[in-house]
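Subject: Structure handover

Hello,

Here is the structure for your files. My notes on it follow below.

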Amino acid sequence: MRRSTAAALTTTLLATGLTPLFLAAPASAAVAKHYDDFNGDGYRDLAYGNYSSGVSGPGGWTGGAVTVVYGNASGLDTSHTQVVHQDSPGVPGTGEDDDMFGDSLASADLNKDGYADLVVGNSMEKVGSAVHRGTVTIVWGSRSGLSGGTNLAPKSGAGRYFGRDLATGDFNGDGSPDLAVIGGDETWLYRGGFTKSGTTGRVSKIDKKDQGWYSSGLAAGKVNGDGKTDLVILGDQFIDNKPVPRIWFLKGSTGGLTSGASKTYRSAPTNAVIGDFDRNGYGDIAVGLPDNNDGKGIVSVWRGTSSGPSGSMTYNQASSGVTGSPQADDNFGYSVSAADTNGDGYADLAVGVPHEDVDGKEDQGGVHLFRGGSGGLTGTRSTWIPATVLGPADSSTSFGAAVRLRDLTRDGKADLTVGAAGDGLLLPGTTTTPTTTGSLHLPEYGGGFLD
């Protein structure tokens, strides 16, 4: 899922790169091995958005864009980039000043042609006379990359801000990727398959009927070990006429999603990720709560079991072994991501702390990397990655505003990408911690990584 970064963290995204022609895949192509391999070459690609209102570039587009850096055997190839926006050939709509194309991002091989497709939310889009109606656009993968697009039809009752958040996964286990979308205050499940003409499988509303539930964020992954993708919905539930911050677990099932346990917090959960931190075969749900305790922030890990999540652990900058100390408005947990960075088989957790003050420099930021192991995450296996890995870092660098862990080189070790104010950095994974050796700055970074 995405957490919207403040406007100060965005930069102008230049309209450079290529616009590939569509080359159809063979009719017998299987589902893409990686949900983020847009050109089907076997290597993951990286997409990130610039969703700041009123953004414009030399190509004439306005209203946000998405940059894609394609991968190869050496990692990301910054000479092979693409910028996608609503004025790109074949992409529906027109860029407008108040749009936020790229506000949320997800991906999967939705039409099962062997190429991953990019799903782009534009929650602020005006549709006809409906202000902030929102749109969701599927930009189709091909042999030469992303090309053309199709808008997803919102169901009646979806409300405003359609596309506020997105998540993909095979929730019913039928081999076809499905798509969850927030529209209004509800979550909508679109079952696969998807076609370029705009058809989808059955669509249903996911809501706690008559229980005052309001959805605000999504995270997908495998929690209970049955092979189907599960969904976690972040939001508020009105209890005794008061909004209570909660997350809601829904188990993947042949019928789509089955309601499971909910968990209550003192502050709003803003982002979540699922990873098997203790390698017991069940995914754990790590929830970022950056506003907890006057903005000091915590991460709560709801542990996975065969019957769903049960029991939890809490981590913050006061946890034993963790560098630093909690201070108001640090926002520990502003961003989270999970994958195995050192190749030991345990998922690790990256935690962004973009408003950490360092050596008198306000909001310089940094990232804590918690390594998984027997028993799960502990502070004694954590490493502090400071903003100075970017080079000289000043106040308001906000390093850690976004984080993403994925293996971009197929070496079995996830690489860490970190977003900051006006810059993004890739740190390659190693057998210990991500390293600055071979690091690279992301071209035209604006904010918000693909999940």
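Leu-405 sits in strand E24; strands (E, at least two residues) and helices (H or I, at least four residues) are DSSP runs, numbered from the N terminus. Because its relative accessibility is 0%, Leu-405 counts as buried. Buried here means under 20% relative accessible area, exposed means over 50%, and partly exposed lies in between (1.4 Å probe, protein chains only). Between the C-alpha atoms of Leu-405 and Tyr-43 there are 15 Å, with 362 residues separating the two along the chain.

Some notes on the source. This is a predicted model, in which local features need pLDDT of at least 70 and side-chain atom pairs count only at pLDDT 80 or more, while totals for chains, interfaces and linings use all residues. Residues are numbered from 1 along each chain as its sequence is written, and side-chain values use heavy atoms, with hydrogens and water left out.

Salt bridges

How many salt bridges does the structure hold? There are 3, a salt bridge being a side-chain nitrogen of Lys or Arg within 4 Å of a carboxyl oxygen of Asp or Glu.

Strand E24 (residues 402-406) also carries Arg-404, which is paired with Asp-36 in a salt bridge at 2.8 Å, N to O. This pair links distant parts of the chain, since Asp-36 belongs to the segment before strand E1 (46-50) and is 368 residues apart from Arg-404. Asp-36 and Arg-404 are both buried; for Asp-36 the relative accessibility is 0%.

Asp-36 has a salt bridge with Arg-44 as well, with 2.9 Å between the closest N and O atoms. Arg-44 counts as buried because its relative accessibility is 16%. Asp-36, Arg-44 and Arg-404 are thus linked in a network of salt bridges.

Asp-226 and Lys-251 form another salt bridge, their closest N and O atoms being 3.7 Å apart. Asp-226 is in the loop between strand E12 (213-221) and strand E13 (230-239), and Lys-251 is in strand E14 (residues 242-253), so the salt bridge ties together parts 25 residues apart in sequence. Both ends are partly exposed: Asp-226 has a relative accessible area of 32%, and Lys-251 has one of 33%.

Buried polar side chains in loops

Which side chain of opposite charge is nearest to Asp-276, and how far away is it? It is Arg-279, at 7.1 Å; Asp-276 is buried yet has no salt bridge. For charges, Lys and Arg count as positive and Asp and Glu as negative, with His and the chain ends not counted. The side chain of Asp-276 does reach the backbone nitrogen of Arg-279, at 2.9 Å. Asp-276 lies in the loop between strand E16 (271-275) and strand E17 (284-289).

Ser-142 is in the loop between strand E6 (135-139) and strand E7 (149-151). With 0% relative accessibility, Ser-142 counts as buried. Its side chain reaches the backbone oxygen of Gly-145 at 2.6 Å.

Backbone geometry

Most residues other than glycine have a negative phi, and most peptide bonds are trans. Asp-240 has a positive phi of about 55° although it is not a glycine. Asp-240 is placed in the loop between E13 and E14 and is exposed, with a relative accessible area of 70%. Asp-363, likewise not a glycine, has a positive phi of about 60° and is in the loop between E21 and E22.

The peptide bond between Gly-192 and Gly-193 is cis, with omega about 5°. Gly-193 is in the loop between strand E10 (186-190) and strand E11 (203-206).

Surface charge

A surface patch of negative charge gathers Asp-291, Asp-294, Asp-329, Asp-357 and Glu-362. In such a patch, residues have over 30% relative accessible area and no salt bridge, and like charges are joined within 9 Å. Asp-357 is in the loop between strand E21 (348-352) and strand E22 (366-370). Asp-357 counts as partly exposed because its relative accessibility is 35%.

A sequence-distant pair

Thr-81, in strand E3 (residues 75-84), counts as buried at 12% relative accessibility. Thr-81 and Glu-444 are 363 residues apart in sequence, and their C-alpha atoms are 9.9 Å apart in space.

Regards

Methods: Patches are made of residues with over 30% relative accessible area and no salt bridge: like charges are joined within 9 Å, nonpolar side chains (Val, Leu, Ile, Met, Phe, Trp, Tyr) within 5 Å. Accessible areas come from the Shrake-Rupley method with a 1.4 Å probe; for residues, only the protein chains shown count as cover. The place of a charge is taken as NZ of Lys, CZ of Arg, CG of Asp or CD of Glu. A polar contact is a pair of N or O atoms within 3.5 Å; within protein, one must be able to donate a hydrogen and the other to accept it, and residues adjacent in sequence count only if both atoms are side-chain atoms.
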